Amino acid sequence: MAGLNSDIKTASKSSILKRRPGSYVIVGMIFLLIPIINLINPIFAHSTMTLLNRVVIFSIAALGFNILLGYSGQVSLGHGAFMGLGAYISAYLTMRLELPFLLALFLAGVIPMILGIGLGLVALRLERLYLAIATLGLGVTIQHVFLEWTEFTNGHAGLRRIPIPSILGFSFRQREYYLIMSTIILVCLAIFAYNFIHSKTGRALVAMRDSEHASQAMGISLFRYKLIAFSLSTFYVGIAGSLYAHLFRYIEPGTWGAELSLDLLAMVVIGGIASIGGSIVGAAFIQVLPRVMQNVPLLRGISNINFILTGIALILVIIYFPQGIIRQFVKLWNKLTYKKSVSK
Amino acid sequence: MTTFLQNVIAGIETGSLYALAALGVVLIYRVSSVTNFAQGEMAMLSSFVAYTLWKNLSFIMGGGDLTYIVAFIGALIFAMLFGYLVERIFIRPALRGSLVGKMIITLGLIMIVNGTARAIFGTDTHAMRRAITRPSFYIGNLLIRPNAYFIIFLTLIIMFILFYLIRNTIFGVAIRATAENETTARLMGIPTKKISSASWIIATVLGAIAGILIAPATNVHTNMMADVHLKSFIAAVLGGFTSFVGPVIGGLIIGIMDNLVGYYISSKWRTVIVYGFLILILVIKPAGLFGKVTRKKV
């Protein structure tokens, strides 16, 4: 663990994590200008709005994954399935039980969290390796349940016509309105994550990640804090799943497999481990990559080129920039501003 | 009784293949402390190579046994090269990296290998020929499937060779020393880098053999190893990552259980039940049946 951690430690001094949550609100508000302007005067196509929605939704999921990987040093291969669980629960609650959207959204986070606590109770008492294997199995198992438990999930065919979310009678039919809603949720969750990381629990997690033995000697219960990090990350991923289901209004079991879990991992590692901004940059990278690749003439012909490139990027980043690309940007920015101030 | 016996034999057949794959995982884990999550995908690619060689050579050499043997050996040579290259290109640059970092590299490898396989071979399902094509026959009530016995026999031989290598040769001593403590082993003059290469080559070949032999049952497609891969990991957890005998026994137990659950309880839910069994192992015997609990000293 030593290499990765020391890199993170040195980097976090200059990272944007140190700034106040207020900056998240400001960045979020600037970002909201895009849908608002688009409502008045459509510049971006419908598909671009969908893409931005995807970026925001997967940012929430990556944020959750980062709490687990970045702050407790654990790898999960089942978070794709947890996201699917959130999606199916939210769809079921709004379709069959006709619960209001906000309640369904909340439960879509809470129920995967309860399952996460159950699994964590078993797998987290052991070494790091075991959580990865236990969640790999859980991912396969949950996907199997999605296929077989047809009353709940409609099996292979998937669930169609998931209701359009509405809050207090206002319906988020248009992509722009949906983007505004999901961005507000993202900003809230980012601020929550910030406060969580800077609370007693968060400090305990960071201490634990850097040296399990030292933190144990200080009286930190490894198991308890790992469990908190794991369950919180499943909550975030469940919320993201719910937002995904109501955006596309169609979900099927194939979406929530190991590929999605690997994508989430890639988002966090490429963007920046243990960085809230990094999760969002990583999610944007993974979501925008297919759009960029469509326009590259030679590579366009290769199917799955995105999957291959993501894998290559993941490995390159972990070998050469274990702190993720966001910290490279921050470093570059610091260098540029420093040079300017010297030349003056 | 005969049905029960039939299921147990089928369980030993698949179980020995899980055991081969699990041995590869444990070997790499012990020597280079990497949990190779790409083992299944690498085996899948080797199986595709075997299938492609066999299909294409059939046109030249006819569909006889010789063609199959040549394709099999060709795929194993490919697996050797593949394992060597993976270790050289992806693992060695990160040798000094963290454990989680190395684990993440193998996860990235899944994406690269699987994506490449789908790009080259497509997403179609292909039927692979059995190693022994002689039809099944009955002795009394018992159905004898020559292919199953061949698989069990072959994996037994491979395991004996492997255990002989590890226990009784200087190469095996080097492997065990590296597994115990890499730095000390290097100071004692053991070429640990070569040992690491060798362990990746052996593990990839083991995976390839498991993949090619299981291919007639699962068919050859890019997702063929997902289930096998998970079960070989469960076998490794059950047997314990710290011993070489454990995963073999673990693989056999998982194979037999998988078949019995599939036959007597529910074939739909058997993966779920076997997974529940993994959780149970983690609760009762966290270090596995043959594993030792290791305490790290600060």
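# A guided tour of chains A and B

Select chain A and display its surface: about 14,800 Å² is exposed, and carbon and sulfur atoms supply 66% of that area. The model on the screen is predicted.

**Chain A as a whole.** Change to a cartoon view of chain A, where 15 helices and two strands are found. The radius of gyration of chain A is 20 Å, close to the 20 Å that the globule rule gives for 344 residues, so chain A is as compact as a globular protein of that length. Along the principal axes, the C-alpha trace of chain A spans about 55 × 55 × 45 Å. Colour chain A by accessibility, and 55% of its 344 residues appear as buried. Of the contacts in chain A between residues at least 6 apart in sequence, 79% join residues at least 24 apart. Next, mark the charged side chains of chain A: the mean positions of its 27 positive and 11 negative charges lie 15 Å apart.

**The nonpolar core.** Select Leu69(A), Met83(A), Leu243(A), Ile251(A), Phe37(B) and Phe241(B) together; among the 197 residues of the largest nonpolar core, these touch the most other members. Then highlight helix α11 of chain A, residues 222-248, which gives the most to this core, with 15 residues.

Centre the view on Ile251(A). Which residues are in contact with Ile251(A), leaving aside neighbours within four places in sequence? They are Ala87(A), Tyr88(A), Ala91(A), Gly158(A), Leu159(A), Ile162(A), Tyr244(A), Ala245(A) and Trp256(A).

**A loop residue in chain A.** Move to Asn154(A), in the loop between α7 (150-153) and β1 (166-167) of chain A. Most residues other than glycine have a negative phi. Asn154(A), although not a glycine, has a positive phi of about 65 degrees. Asn154(A) counts as partly exposed because its relative accessibility is 39%, between the limits of 20% and 50%.

**Chain B as a whole.** Now select chain B, whose secondary structure comes to 11 helices and two strands. Followed from the N terminus, its elements run α-α-α-α-β-β-α-α-α-α-α-α-α. A compact globule of 298 residues would have a radius of gyration near 19 Å, and the 19 Å of chain B agrees with this. The C-alpha atoms of chain B fill a box of roughly 60 × 50 × 35 Å along the principal axes. Buried residues make up 56% of chain B. The accessible surface of chain B comes to about 13,100 Å², with 67% belonging to carbon and sulfur atoms. With the charges of chain B displayed, the mean positions of the 24 positive and 9 negative ones are 8 Å apart.

**The loop between α1 and α2 of chain B.** Zoom in on Ser33(B), which lies in the loop between α1 (2-32) and α2 (39-61). Ser33(B) has a positive phi, near 45 degrees, and is a residue other than glycine. Its relative accessibility is 31%, so Ser33(B) counts as partly exposed.

Continue to Thr35(B), also found in the loop between α1 and α2 of chain B. Is Thr35(B) buried or exposed? Thr35(B) is buried, because its relative accessible area of 5% falls under the 20% limit. Not counting residues up to four places away in sequence, Thr35(B) touches Leu129(A) as well as Tyr29(B), Met103(B), Thr106(B) and Phe233(B).

**Last stop.** Select Glu182(B) in helix α7 (residues 182-187) of chain B. Glu182(B) is partly exposed, with a relative accessible area of 25%. Add Thr123(B), 59 residues away along the chain: the two C-alpha atoms are separated by 41 Å.

Methods: Residues numbered from 1 in each chain as written. Chains lettered and ligands numbered in written order. Predicted model: local features only at pLDDT ≥ 70, side-chain atom pairs only at ≥ 80, totals over all residues. Heavy atoms only, no water. Core = buried A, V, L, I, M, F, W, Y, C linked by side-chain atoms within 4.5 Å. Buried < 20%, exposed > 50% of the residue type's maximum accessible area, 1.4 Å probe, protein only. Helix = DSSP H or I, 4+ residues; strand = E, 2+ residues; numbered from the N terminus. Contact = heavy atoms within 4.5 Å. Rg over C-alpha atoms; globule rule 2.2 N^0.38 Å. Areas by Shrake-Rupley, 256 points an atom, 1.4 Å probe, with all protein chains shown as cover. Lys, Arg positive; Asp, Glu negative; His and termini not counted. Charge placed at Lys NZ, Arg CZ, Asp CG, Glu CD.
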